[in-house]
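These are my notebook entries on a protein chain and its ligand, written down in the order in which I looked things up.

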Amino acid sequence: MDLVSYDPATSEPVGAVPVTPAEDVAAIVGRAREAMPAWRDLGADARAALLVQAGPVFLARADALGELLSREQGKPLREGVGEVKSCGWGLREELDDIIAALAPETLEDKRTRTVLHRDPFGVCAAITPWNFPISMCAWMVIPALMAGNTVVMKPSEETPLIAQAYADVLNEFLPQGVLQVVHGGDAVGKALVAAEVDLIAFTGSREAGSHILAAASKDLKRVMLELGGKDAMVVLDDADVSKAARFAARNSFRNCGQVCVSTERIYVHEDIAPAFEEALTAEAKGFVVGRGLDAATKVGPMINRHQKEHVLGQVRSAVADGARPLLGHEQADSPEEGNFVRPIVLADVGPDLDIMVRETFGPVACIDTFATDDEAVASANRGIYGLGAVVFGGDLERAAAVARRLDAGMIGVNRGVGGAGGAPWVGAKQSGYGFHSGRDGHRQFAQVRIVSLPV
Ligand code: NAD
């Protein structure tokens, strides 16, 4: 049976891959297990020497692969090309950082010398989503392989072609069985989790992550979960309103809001709320929605009809429950053609409305107000999620103090959530269980063992 991948802008097929029968998954994992000892014994430097060769290939093929990514996932072509290039740029430095993070350490006291090794777990299952369909694979696969694990990847059923293309590039340089791909929906993901894998590195929804954690508990398999979010933005009364509004628009509507660290809740000081609402609405009007391959497009379609209906359903019920519509809400009753949703802005969105509680993953900016910093912190910290958050303010010290009180894994002040080079990608509360990137993230792909000798 084939898994057909559709262009979300046109609903036309882009291509197909064979679905992996769930009953074949155990044998595929078996091949990964056979390939593991030789891959482990190569050592980190030799593994890096193989992987680094993929970097220039991603850069050389960025236009073609970026177009495939854009057609399959919907995002603007330049963003698709940029995502492919990100797999090549800085790959050497990333591999060096991983080598350093995983290097053995020696500890010594008067009686004992201990060497701490960071070994592979064995076989890693990498299960990934569709919203950044090549980066999300790279974020899991590269550190897992560098630690000496072999990997079986299960990319999203929405974007199998670009994920397969990613693995094909790496496989031009890797020994057989080190990186394999299985295709299909959650049934194939469940079969992979149930198979004899040692580590499950998952990026996706909280619901699927919770299911995986439960399924993995039977054999105490190691699990790393990067999950959804409901990121808050706090705009203090001394913030630069136009800068804050520009950021809010970009971070609410980029990738049609289908970003785990999208701004999903905006808390603005009541004194500047009217000016902020006006500026954000003006910014939102500049986001041209269209097919990713069209040069003017700033925002592509939603990934599928189901996701579009979820977003418009939340908007419809928010307006029915008292949210004040500022832009685009009419789509909830008369939607655009196909999977398109134009930016939507709502104000006075009450804290208990579904759209302020459950992940939206769509191009909707929801605004509420506060009077004091304490109130802003309490509002931002509501709910089960804690992936990212941002604070905008004129007095950096005050803004940083508010940021420090926010219960999220990654917090940006007058900027987005991503950290400096070497920083981890980490969620707090129910947005993450383990994390990746940075020294501490790389180490989560390895089993620590110590060997102690008398001195
Ligand atoms: P999803 O959870 O529906 O699917 C993700 C992957 O898991 C897919 O490959 C899917 O087939 C598979 N899957 C689903 N249920 C499974 C199960 N029970 N067992 C095994 N595999 C299973 O998520 P999605 O719709 O592809 O992606 C959107 C979600 O991902 C959003 O919640 C978003 O916030 C989150 N996300 C998080 C990050 C992060 O870094 N924290 C990054 C990107 C996306």
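**Entry 1: the ligand and its polar partners**

I began with the ligand in this predicted model, and I found that one of its nitrogen atoms is 2.8 Å from a polar backbone atom of Leu 227. I then looked up how much of the ligand the protein covers: taken alone the ligand exposes 850 Å², and the protein buries 90% of that.

Next I turned to the oxygen atoms of the ligand. A polar side-chain atom of Ser 205 lies 2.6 Å from one oxygen atom of the ligand, while a backbone N or O atom of Gly 204 lies 3.4 Å from an oxygen atom of the ligand. I noted that Ser 205 takes part through its side chain, whereas Gly 204 takes part through its backbone.

**Entry 2: the shell around the ligand**

Which residues come nearest to the ligand? I found 29 residues around the ligand, and those that come nearest are Lys 154, Glu 157, Ser 205, Leu 227 and Glu 359. When I sorted the shell by character, I obtained 13 nonpolar, ten polar and six charged residues.

I also asked where in the fold the shell comes from, and I wrote down helix α9 (186-194), strand β8 (199-203) and helix α10 (206-217), each of which supplies at least two residues. Both domain 1 and domain 2 are represented, with at least three residues of the shell drawn from each.

**Entry 3: the two domains**

I looked up the division of the chain, and domain 1 is given as 2-227 + 431-454, with domain 2 as 231-424. The centres of domain 1 and domain 2, taken over C-alpha atoms, are separated by 30 Å. The contact between the two takes 29 residues from domain 1 and 27 residues from domain 2.

**Entry 4: Leu 192 in helix α9**

I went back to helix α9, where Leu 192 has its place. Is Leu 192 buried or exposed? Its relative accessible area is 0%, so I recorded Leu 192 as buried. Leaving out residues up to four places away in sequence, I listed what Leu 192 touches: Val 25, Val 29, Ala 125, Ile 127, Val 152, Lys 154, Val 182 and Val 197. Lys 154 caught my eye in that list, since Lys 154 is also among the residues that come nearest to the ligand. The C-alpha atoms of Leu 192 and Ile 127 are 8.9 Å apart, although their positions lie 65 residues apart along the chain as I count the separation.

**Entry 5: Thr 297 and Gly 292 in one loop**

I then examined the loop between α12 (273-285) and α13 (305-320), where Thr 297 is found and where Gly 292 also has its place. Thr 297 has a relative accessibility of 3% and therefore counts as buried, and Gly 292, at 4%, counts as buried because the limit is under 20%.

Not counting residues up to four places away in sequence, Thr 297 touches Pro 76, Arg 78, Val 288, Gly 290, Arg 291 and Gly 292. With the same omission, Gly 292 touches Ser 70, Gly 74, Lys 75, Pro 76, Leu 77 and Thr 297. Pro 76 therefore appears in my notes for Thr 297 as well as for Gly 292. I also noted that Gly 292 and Arg 78 are 214 residues apart along the chain, yet their C-alpha atoms are separated by 8.6 Å.

**Entry 6: two buried helix residues**

Ala 48 is found in helix α2 (residues 44-51), and its relative accessible area of 0% is why I call Ala 48 buried. Apart from its neighbours within four places in sequence, Ala 48 is in contact with Arg 92, Leu 95, Ile 99 and Met 146.

Glu 83 is found in helix α5 (residues 77-85), and Glu 83 is buried too, with a relative accessible area of 5%. Again leaving aside neighbours within four places, I found Glu 83 in contact with Leu 69, Lys 75, Phe 132, Pro 133, Ile 134 and Ser 135.

**Entry 7: two positive phi angles**

Finally, I checked backbone angles. Ser 11 has a positive phi of about 65° although it is not a glycine, and Ser 11 lies in the loop between β1 (2-6) and β2 (13-18). Phe 361, which is likewise not a glycine, has a positive phi near 60° and sits in the loop between β13 (344-347) and β14 (364-370). Ser 11 counts as partly exposed at 49% relative accessibility, whereas Phe 361 counts as buried at 13%.

Definitions and conventions. Residues numbered from 1 in each chain as written. Predicted model: local features only at pLDDT ≥ 70, side-chain atom pairs only at ≥ 80, totals over all residues. Heavy atoms only, no water. Near = heavy atom within 4 Å. Polar contact = N/O pair within 3.5 Å; in protein donor to acceptor, adjacent residues only side chain to side chain. Areas by Shrake-Rupley, 256 points an atom, 1.4 Å probe, with all protein chains shown as cover. Helix = DSSP H or I, 4+ residues; strand = E, 2+ residues; numbered from the N terminus. Nonpolar A, V, L, I, M, F, W, Y, C, P; charged D, E, K, R; others polar. Domains from an automatic or database assignment. Buried < 20%, exposed > 50% of the residue type's maximum accessible area, 1.4 Å probe, protein only. Contact = heavy atoms within 4.5 Å.
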